[in-house]
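Here's a quick briefing to read alongside the coordinates. Have the viewer open and follow along.

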Amino acid sequence: MLSWLKTAPESDHPLADPKAAKEILSSLPTGTPLVALETLAEYLDSVREAAGLSAARTLEIIEHIDQTGKPFHRLLTREYLDHGLQHRAAGMRIAHVEATFWDCLAKAYRMALESHEVGDPTAQNLRAKIPMIGARAIRAFNLHLKWCLLRYTPVDPGLWGSLARVFSIAERHKVASVNVEVYPGPWGISSVRREMLKAMMLAVSSTDALPKPQIEIVERICAQYSEFFTLQEQPAPGVHFRFDLDTDHPPARALGTGHDGPGMRYFGPSAAAPHLKKLAQDIRATGAVPSTVNLGSPYPVYDVVRVLEHLAHYWAPIPPARREKRRPSEEGIEVVHGFGDIVAAVDAEEFGWNFDVNKYEDWGLSDESPAGFGAVVPAGRGDWVTLGDLVGVRYLDEGVAWGVGIVRRLSVQENNQRQIGIELLSRGAIRVALSSLRSDGTHNPDPRTAVDAMLLPSSSDNSVGRLTTRIAVKPGSFDLRSSYGLMLYGMDYLLVPKGVIEQTEDYAIAEYRLLLKTVD
């Protein structure tokens with residue numbers, strides 16, 4: 001479709017007249033940012049198909065819509081990430097509208113570049129603006145990519161073809177590395193090459209293993225440290241990913257060692273790796289994120305360190321390997337989720353499970369190993385799934401306790417089928433009551449002080465036979481730094497804390513030494 005090249009004496013597009021455009025865009029409903037951003041996306045689509053608009057006027061309209069959308073975008077992003085909307089219908093709607101807006105904006109800026117490339121006589125004065133237009137196009141494509149990743153949905157292959165086209169235009173005009181003010185502000189200076197690196201490094205960051213707020217942190221880290229990334233025509237130390245400008249294939253890890261096509265480019269973290277390693281060390285030492293690091297919003301130190309550790313693994317020259325080899329599986333499983341429902345399904349002092357028929361879902365396995373498994377969830381099921389969810393599972397055929405795990409990977413396919421990776425924490429679980437201890441070390445007999453918990457058995461021990469075990473509890477129900485008493489199978493145990501393994505709003509998992517108390 002090249003209808004935007006057709007010129008006429010006048011255009012009947014509602015934004016064709018600058019004065020009318022200003023009035024229309026300033027009248028958008030500020031109290032409903034979702035509706036406003038959705039309307040702006042519709043205007044961008046209509047501008048791409050409008051006849052009678054010069055290339056220069058088209059770019060002015062695109063820029064006006066771009067600037068008008070920024071405050072709505074900021075409001076929606078904060079609402080999405082800060083107010084717990086990521087997992088609700090309202091959050092899904094925000095993510096869809098955001099992804100659509102940035103896709104429309106990116107395609108509009110690409111259209112402006114193409115008008116110059118195909119020789120539109122009204123686009124001659126755009127030549128000097130190619131670095132700025134190209135950088136804006138790629139930045140918008142990158143934000144579309146981010147919102148796809150936040151939804152765990154597939155990325156349209158056309159995205160990578162579009163990015164390759166924009167970058168190729170900049171390379172052909174020898175302006176890919178020219179620094180320009182992409183947008184006014186302290187973080188506005190960039191280049192087409194740098195914007196391209198941000199998008200590609202985000203794409204190879206394995207964000208399907210990260211919760212949504214941490215995906216946002218990854219995107220911010222890629223933006224701030226992009227000056228240290230490298231993009232070149234040959235692989236090198238620290239430059240071990242590849243992207244082919246002549247295809248629509250996504251960026252991937254480089255498997256070979258040589259150049260294999262005129263469009264092949266190699267990229268990687270390069271000098272950013274030691275900077276991020278030092279940043280992680282500094283945060284651990286001080287317990288705070290330096291003020292010089294711009295993440296757009298304050299995030300818990302745990303989340304930032306977790307992201308830095310994740311990137312250190314997945315940006316490394318050799319990717320992390322699975323702890324255990326997985327084998328294909330066609331088994332079916334029953335799944336119950338959430339600490340409360342899992343505890344309710346666990347028998348006290350037994351390894352049996354009693355799943356409420358109204359609480360569990362049937363899933364199919366795709367593969368499994370001693371450390372975990374992959375599951376395939378049909379459309380209409382598993383809509384509740386988020387990374388970090390605690391799940392209880394058992395085989396359909398066997399009907400016996402199988403274990404407790406945590407959702408570690410998630411992707412949503414085009415047919416709304418979900419691919420889910422689960423780390424297995426324990427085979428079986430026991431429902432127990434933890435007793436607070438009195439000053440003399442005996443159990444507090446008051447049942448109101450007891451903590452409802454799950455014991456997740458472990459086979460690890462030390463040289464003197466003291467078992468290590470994991471305990472899952474509801475956050476806020478007990479002090480993770482205190483010792484507790486436990487009566488199990490008529491034996492009196494002391495639980496001595498070692499550390500917290502995992503903690504979310506739904507559950508906490510702590511590791512303890514399980515010491516058998518002796519009777520004098």
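What follows goes from the whole chain down to helix packing and then single residues.

This is a predicted model. The protein has 520 residues, and 49% of them count as buried. It carries 11 helices and 19 strands. Along the principal axes, the C-alpha atoms fill a box of roughly 100 × 50 × 45 Å.

**Helix 4 and its partners**

- Start with helix 4, which runs over residues 89–117 and has 29 residues. From first C-alpha to last it reaches 42 Å, close to the 42 Å you'd expect at 1.5 Å a residue.
- Just past the end of helix 4 sits Gly119, with a positive phi of about 85 degrees.
- Helix 3 (residues 55–82) packs against helix 4 at an angle of about 160 degrees, and their axes are 10 Å apart. Angles over 145 degrees count as roughly antiparallel, so that is the label for helix 3 and helix 4.
- Helix 3 goes past helix 4 in a left-handed crossing. The residues in that contact split into 15 nonpolar, six polar and four charged.
- On to helix 5 (residues 130–151): its axis and that of helix 4 come within 8 Å and cross at roughly 155 degrees. That makes helix 4 roughly antiparallel to helix 5.
- The way helix 4 passes helix 5 is again a left-handed crossing. Here the contact residues come out as 16 nonpolar, four polar and seven charged.

**Helix 6 against helix 7**

- Helix 6 covers residues 158–172 and helix 7 covers residues 192–203; they pack at about 155 degrees with axes 10 Å apart.
- At that angle, helix 6 and helix 7 are therefore roughly antiparallel to each other.
- Their crossing is left-handed.

**Positive phi outside glycine**

- Some background for this group: most residues other than glycine have a negative phi.
- Lys174 goes the other way, with phi near 60 degrees. You'll find Lys174 in the loop between helix 6 and strand 1 (180–181).
- Is Lys174 buried or exposed? Lys174 counts as exposed, because its relative accessibility is 73%.
- Ser270 is another non-glycine residue with a positive phi, near 50 degrees. Ser270 lies in the loop between strand 6 (264–268) and helix 9.
- With 25% relative accessibility, Ser270 counts as partly exposed.

**Buried spots to click on**

- Ser226 is in the loop between helix 8 (212–224) and strand 3 (230–232). Despite the loop address, Ser226 counts as buried, at 2% relative accessibility.
- Which side chain does Ser226 meet in a polar contact? The partner is Arg194, and the contact between the two side chains is 2.6 Å.
- Leu25 is part of helix 1 (residues 18–26). Its relative accessible area is 3%, so Leu25 is buried.
- Leu25 and Ser366 are 341 residues apart along the chain, and their C-alpha atoms are separated by 50 Å.

**Two loop prolines**

- Pro186 has its place in the loop between strand 1 and strand 2 (189–190). Pro186 is exposed, with a relative accessible area of 78%.
- How far is Pro186 from Ile318 in space? Their C-alpha atoms are 35 Å apart, with their positions 132 residues apart along the chain.
- Pro300 is in the loop that runs between helix 9 (272–286) and helix 10 (301–314). At 47% relative accessibility, Pro300 counts as partly exposed, since the exposed class takes values over 50%.
- Pro300 and Val289 are 11 residues apart in sequence, and the C-alpha to C-alpha distance is 8.8 Å.

Terms used:
Residues are numbered from 1 along each chain as its sequence is written. This is a predicted model: local features need pLDDT of at least 70, side-chain atom pairs count only at pLDDT 80 or more; totals for chains, interfaces and linings use all residues. Side-chain values use heavy atoms; hydrogens and water are left out. Helices (H or I, at least four residues) and strands (E, at least two) are DSSP runs, numbered from the N terminus. Buried means under 20% relative accessible area, exposed over 50%, partly exposed in between (1.4 Å probe, protein chains only). The expected span of a helix is 1.5 Å times one less than its number of residues. Axes are lines fitted to C-alpha atoms, for helices over the stretch in contact, and angles run from 0 to 180 degrees between N-to-C directions. Angles under 35 degrees count as roughly parallel, over 145 as roughly antiparallel, 65 to 115 as roughly perpendicular and the rest as oblique. A crossing is left-handed if the near helix is turned anticlockwise from the far one by less than a right angle, and right-handed if clockwise. Ala, Val, Leu, Ile, Met, Phe, Trp, Tyr, Cys and Pro count as nonpolar, Asp, Glu, Lys and Arg as charged, and the others, Gly among them, as polar. A polar contact is a pair of N or O atoms within 3.5 Å; within protein, one must be able to donate a hydrogen and the other to accept it, and residues adjacent in sequence count only if both atoms are side-chain atoms.
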